[in-house]
There are 2 protein chains.
Amino acid sequence: MLSLLSKLVSIMQQELDRLKELSLAEHLGRLHRLWRTVADVELTPLGLTHPRWTALWKLLRLGDNVSQKVLADALEIELASLMRTLGQLEEQGLVERHCCDKDKRARIVSLTSAGLDVLKQMEARIIQVRRELLAGISATELSEFERIISLISDNASAKLAKVTDTIL
Amino acid sequence: MLSLLSKLVSIMQQELDRLKELSLAEHLGRLHRLWRTVADVELTPLGLTHPRWTALWKLLRLGDNVSQKVLADALEIELASLMRTLGQLEEQGLVERHCCDKDKRARIVSLTSAGLDVLKQMEARIIQVRRELLAGISATELSEFERIISLISDNASAKLAKVTDTIL
DNA sequence: ATTATTTACTTAGCCTGCTAACTAAGTATA
DNA sequence: TATACTTAGTTAGCAGGCTAAGTAAATAAT
């Protein structure tokens with residue numbers, strides 16, 4: 001009788017594990033989408049979507065005149081993915097792309113005065129969004145959270161690198 | 001002299017805050033993409049991509065014969081997003097869609113025997129991937145991590161709901 | 001010096017999230 | 001009963017990740 005019960009418990013435990021299995025990846029995706037949506041809602045009045053304001057912001061932090069490649073690396077996305085976004089920002093007149101004298105392959109991205117204007121307007125809103133989304137989370141909890149993100153990211157990167165090695 | 005120094009420190013602090021501002025959203029996106037990529041690499045041999053195996057898995061957990069709407073809700077994606085995935089799974093012969101007698105609007109999704117086969121093969125691989133990605137993270141840290149994800153998600157959902165209210 | 005490799009950029013096209021707009025079926029109300 | 005609203009499914013098209021494949025410039029190797 002007891003063994004049957006413990007067997008049942010063990011089966012339930014397995015089921016729970018399976019459910020949790022998915023939930024982390026799912027919740028991660030959901031959180032990412034939610035965060036983007038919230039930021040989008042807040043910033044669309046400025047004509048900015050998540051990838052666009054992220055690029056603008058990073059560009060400012062990188063000190064403006066950097067190559068597209070450097071910007072893509074800083075944003076941790078592929079250069080090809082950045083192209084579309086930069087094209088849109090250029091159309092909106094927020095950035096400019098110039099040829100580089102030193103390296104004729106490269107194109108240097110810089111903020112226009114309109115771009116700087118928009119960045120100023122963005123700043124307050126982004127900080128506000130972040131504050132609202134992180135409400136009720138202490139600094140300690142937050143840094144712990146970020147630590148775990150880094151840990152999992154490192155595991156994933158390492159695993160991908162290994163796979164690539166195996167194939168090559 | 002001292003006041004100038006403390007002013008400088010305060011400015012640096014602000015800069016740091018601004019940098020951290022972005023990093024969380026960015027790292028979240030990066031982690032999500034990485035996780036998906038790793039899972040994809042592991043499961044493509046079975047002809048499965050992330051959305052596909054997630055849908056299969058959830059379908060099994062929901063007890064098979066559910067409507068597309070129920071499945072979409074469980075996956076926390078829009079029904080329209082699920083349509084394409086279910087179409088692909090149907091093409092692969094892993095699921096079937098039947099009309100529902102009780103509600104002629106609804107279509108019931110069920111796993112085929114081929115679908116169940118694939119699920120069996122999936123199981124070990126997914127658990128392995130999860131184990132590798134979560135290597136070096138204790139159960140306590142993990143549950144804390146998930147708690148923070150939920151907290152931020154709740155904040156984001158609440159904020160979005162508020163925005164919708166304001167507009168309506 | 002010439003050739004081979006690497007690097008930055010670009011284009012094209014896939015994937016899967018989304019919203020918008022439509023149909024058909026069920027439900028509620030006048 | 002007839003009309004209005006809601007809900008499930010569907011299609012179409014956008015957004016922004018990605019890889020693949022090509023060009024031109026820079027660098028390394030012979």
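## A walk along two DNA strands

Start at Gln88(A): an N or O atom in its side chain sits 3.5 Å from a phosphate oxygen of DNA strand D. Keep in mind as you click around that this is a predicted model.

**Stop 1: the helices beside strand D.** With Gln88(A) still on screen, colour helix H2 (50–61) and helix H4 (79–91) of chain A, then helix H3 (68–75) and helix H4 (79–91) of chain B; these are the elements that each give two or more residues to the surface near DNA strand D. Which of them gives the most? That would be H4(A), with four residues.

**Stop 2: backbone contacts to strand D.** Now show main-chain atoms. Select Glu78(A), where a polar backbone atom is 2.9 Å from a phosphate oxygen of DNA strand D. Next, hop to Lys104(A): here too a polar backbone atom faces a phosphate oxygen of that strand, at 3.0 Å.

**Stop 3: everything around strand D.** Select the residues around DNA strand D and you should get 25, with Thr49(A), Ser81(A), Gln68(B), Lys69(B) and Arg107(B) coming nearest. On the DNA side, sugar and phosphate make up 71% of the strand D atoms that come within 4 Å of the protein. Colour the protein side by class and you'll find 13 charged residues, seven nonpolar and five polar.

**Stop 4: over to strand C.** Which residues come nearest here? Pick Gln68(A), Lys69(A), Met83(A), Arg107(A) and Ser81(B), out of the 25 around DNA strand C. Zoom in on Lys69(A), where a polar backbone atom is 2.5 Å from a phosphate oxygen of the strand. Then go to chain B and select Thr49(B): an N or O atom of its side chain lies 2.7 Å from a phosphate oxygen of DNA strand C.

**Stop 5: a base contact.** Stay in chain B and show the side chain of Arg84(B). What does it reach? One of its polar side-chain atoms lies 3.0 Å from a base oxygen of DNA strand C. For the surroundings, highlight helix H3 (68–75) and H4 of chain A plus H4 of chain B, the elements giving two or more residues to the surface near this strand. H4(B) gives the most, with five residues.

**Last stop: strand C as a whole.** Of the strand C atoms within 4 Å of the protein, 69% belong to sugar or phosphate, and bases supply the rest. Recolour the protein surface near DNA strand C by class to finish: 12 residues are charged, seven nonpolar and six polar.

Technical notes
Residues are numbered from 1 along each chain as its sequence is written. Chains are lettered from A and ligands numbered from 1 in the order in which they are written. This is a predicted model: local features need pLDDT of at least 70, side-chain atom pairs count only at pLDDT 80 or more; totals for chains, interfaces and linings use all residues. Side-chain values use heavy atoms; hydrogens and water are left out. A residue is near a molecule or strand if one of its heavy atoms lies within 4 Å of it. A polar contact is a pair of N or O atoms within 3.5 Å; within protein, one must be able to donate a hydrogen and the other to accept it, and residues adjacent in sequence count only if both atoms are side-chain atoms. Ala, Val, Leu, Ile, Met, Phe, Trp, Tyr, Cys and Pro count as nonpolar, Asp, Glu, Lys and Arg as charged, and the others, Gly among them, as polar.
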